[in-house]
There are 2 protein chains.
Amino acid sequence: MELDERKRTILNAIVRNYLETGEPVGSRTISKYTDLNLSSATIRNEMADLEEMGLILQPHTSAGRIPSDQGYRVYVDEMLRDKEKEVENMKEMLLDKEEKLETLLKQVAKTLATDTNYATMISAPQIRKNKLKFIQISKVDDEHLLATIVIEGNVIKNKIITVEEVLDDATMLKLNILLNTRLDGLAVEDINLGLIAAVKQEAGIHSEIIGGVIDAAAESITADEDLQIYTSGTMNFFKYPELTDSAKASELISTFEDTKDLSSIVEDTLSSDGEDTGIQVYIGSESPVQAMKDCSVVTATYELGDGMKGTVGIIGPKRMDYDKVISTLKNMRHALDDLYKKN
Amino acid sequence: MELDERKRTILNAIVRNYLETGEPVGSRTISKYTDLNLSSATIRNEMADLEEMGLILQPHTSAGRIPSDQGYRVYVDEMLRDKEKEVENMKEMLLDKEEKLETLLKQVAKTLATDTNYATMISAPQIRKNKLKFIQISKVDDEHLLATIVIEGNVIKNKIITVEEVLDDATMLKLNILLNTRLDGLAVEDINLGLIAAVKQEAGIHSEIIGGVIDAAAESITADEDLQIYTSGTMNFFKYPELTDSAKASELISTFEDTKDLSSIVEDTLSSDGEDTGIQVYIGSESPVQAMKDCSVVTATYELGDGMKGTVGIIGPKRMDYDKVISTLKNMRHALDDLYKKN
DNA sequence: TGTTAGCACTCAACTCCATCGAGTGCTAAC
DNA sequence: GTTAGCACTCGATGGAGTTGAGTGCTAACA
């Protein structure tokens, strides 16, 4: 069967009406809602077709219809293609004058949650170019050295190293020179056992210290596996009855607590980011996370220049206001873009 | 009226029974539950007294009794005094080999949540001795300097400073010496405008850079106002029906999301920490947070040496298993203690 | 004087049942 | 192809009756 213009109109009307009310919508409603001027009986016939095509479904006999996952999909795809929405002026986001990345991200998550009334998540940007830019050890006091490691993108890591012996300034200088000449510009795959052995040997009696520093350095440029994710607006789930029976809510909330599941969304978004919009919509069971099978997830990738890419996502009921969510996310992307340009 | 031995026994029986079942408990139950060998009629008389004293209450006529906040209080106080519980051997906590403080704290929160089936929170230790220990600037590349600031307790802060001019090694050395001689060992209150002006003057043409570094330093030793709090086990609320009607759950969860409310608990705990046990119990409306008026909160302070104090808390229904929670928290304190000694 | 048995009373929770109404599918007529 | 009409389905709602746990009170008992 074909999805002709009239069927499409009716499907859209069903989806839109259901988004608003959250109740199954009946034929009579559609008959009045659209300007097709068709009687409810005709609508019923069309609806039977749409149901056969798997685009809408009945929760039970004698109830109205609600969109199926596939029905939402048709709706969303059409919306995304149809109107390359002009970016509305969102109320000025409080993104200025935040210096710490962490604070900024939390801010973003919160703003989005407040604006949309859905739950939100944002992942810290993943650093792609993991090259060492600068290494230095300094003497904090007689027993402690401080290793400072800067990697590309000006991300800084520190490590305190406890030493037995007191090192004099000349030795410190020597070790610093050694570290920088041998390690600068290296990526993680360049640091192998052979190199470590060679540098250690060169360090002579201080090989142990050097070993510690190299370990710290290696850790710094690899250890970002566990990507940071910040969430906000979890309590918004409670605004949508269809998500709030005890079992579902509990599962959802615990998903939001344990970031493992969320990272799978982040990864999925970052990898399957073929389209130019950078917006991804997961409806119901399309989501990589099982617990969100009754939700929809809309994600966007953002970029803070330098290949530092992160993901921001909005999670709500399947009947979320896709239109608003998508344009809000687009705004956020631009805001983050601008922010980077300023700095 | 006096709370004699028999009343006390009956109160305890009521509380304990209610903790187990979560249902109002009736006179007949108590009559069998205790070894007082009293008929239900007698118990009823005593219960009427207890109700008059405000220690128990009836959800509605013809229901059993449940403990009031005040009743819980009597019960908990007695328990805390009675048995200075031997610390049971808890299953080995996974506190070893965690190097990062943040990871450790998250771990602790999670372990506690899993062990107790309640929601948990832990605050990062607040640094009390805010003295500068070591300052250093280094050249990352021609346009960027890295300021590294170590404060007591070996907490490290970094800041990247962008410079217009390229600085040569001699200048760097000079500035470093200047910074360390003038600022080492200073507390936040010592850094005033006068000092800043003096140091800037000494720096001559590089006063701007020095200004930036001093700003960063001052920020480092003060800016920890917004204390970090990690939570876990929020979904455990759903295990207790009395907390799970939509309105309450939503309020609770949002309290857990916004750390502001939680910090008020942390502050309260840290300040009113008179007793040697370091354990604090807030029952219902005793809690400084309004949203938790249907919960109980048990907190403990922990110390990672060096006056770095933090708070760990467990939040559950009023009928939580105080006994278990308290001994679990005690264990956790000791575990954290040991951990510090090892490092 | 404290304890107990007995009894009337209360009230939430549950079941049963009738009603209502929104919505459907089908058929026949336009 | 569209529409009016009708029988049918089924969740939701609400009232009536029942049950059972629990109480308060009183009178009798040790």
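1. Domain bounds here come from an automatic or database domain assignment. On that basis, chain A is divided into domain 1 (5–81), domain 2 (94–125 + 228–342) and domain 3 (132–222). The C-alpha centres of domain 1 and domain 3 of chain A lie 65 Å apart.

2. A word on the basis of these values. This is a predicted model, in which local features need pLDDT of at least 70, side-chain atom pairs count only at pLDDT 80 or more, and totals for chains, interfaces and linings use all residues. Residues are numbered from 1 along each chain as its sequence is written, while chains are lettered from A and ligands numbered from 1 in the order in which they are written.

3. Symmetry. Two copies of a chain are related by a rotation about an axis and a shift along it. Here, chain B superposes on chain A by a rotation of 180 degrees with 0.2 Å of shift along its axis, at an RMSD of 0.2 Å. The two copies are thus related as by a two-fold rotation axis. The superposition is by least squares on the C-alpha atoms of residues with pLDDT of at least 70 in both copies. Within chain B, B:T148 comes closest to the rotation axis, with its C-alpha at 4.0 Å.

4. The protein interface. In chain B, 24 residues are in contact with 24 residues of chain A. Contact means that the C-beta atoms of two residues, placed from the backbone, lie within 7 Å. On the chain B side, β4 (132–141), β5 (144–151), β6 (155–162) and α9 (246–257) give two or more residues each. The largest share, six residues, comes from α9(B). Helices (H or I, at least four residues) and strands (E, at least two) are DSSP runs, numbered from the N terminus. By class, this side has 10 nonpolar, 12 polar and two charged residues. Ala, Val, Leu, Ile, Met, Phe, Trp, Tyr, Cys and Pro count as nonpolar, Asp, Glu, Lys and Arg as charged, and the others, Gly among them, as polar. The copies meet through the same surface, because 100% of the interface residues of chain B are also interface residues in chain A.

5. DNA strand D. There are 20 residues around this strand, and A:T42, A:T61, A:S62, B:G26 and B:S27 come nearest. A residue is near a strand if its C-beta atom, placed from the backbone, lies within 6 Å of it. Both chains contribute: α3 (40–52) of chain A, and α2 (27–33) and α3 (40–52) of chain B, each supply at least two residues. With four residues, α3(B) gives the most. The surface has six nonpolar, 11 polar and three charged residues.

6. DNA strand C. Again 20 residues surround the strand; A:G26, A:S27, B:T42, B:T61 and B:S62 come nearest. Two or more residues each come from α2 (27–33) and α3 of chain A and from α3 of chain B. Here α3(A) gives the most, with four residues. The class split is six nonpolar, 11 polar and three charged.

7. Helix packing in chain A. Helix α1 (residues 5–21) packs on α3(A) at about 90 degrees, with the axes 10 Å apart. Axes are lines fitted to C-alpha atoms, for helices over the stretch in contact, and angles run from 0 to 180 degrees between N-to-C directions. The two helices are therefore roughly perpendicular, a term that covers 65 to 115 degrees. A:R6, A:K7, A:I10 and A:L11 meet A:I43, A:E46, A:M47, A:D49 and A:L50. This contact has five nonpolar, no polar and four charged residues.

8. Helix packing in chain B. Helix α1 (residues 5–21) and α3(B) also pack at about 90 degrees, with axes 10 Å apart. B:R6, B:K7, B:I10 and B:L11 meet B:I43, B:E46, B:D49 and B:L50. By class, four residues are nonpolar, none polar and four charged.

How values were computed
Angles under 35 degrees count as roughly parallel, over 145 as roughly antiparallel, 65 to 115 as roughly perpendicular and the rest as oblique.
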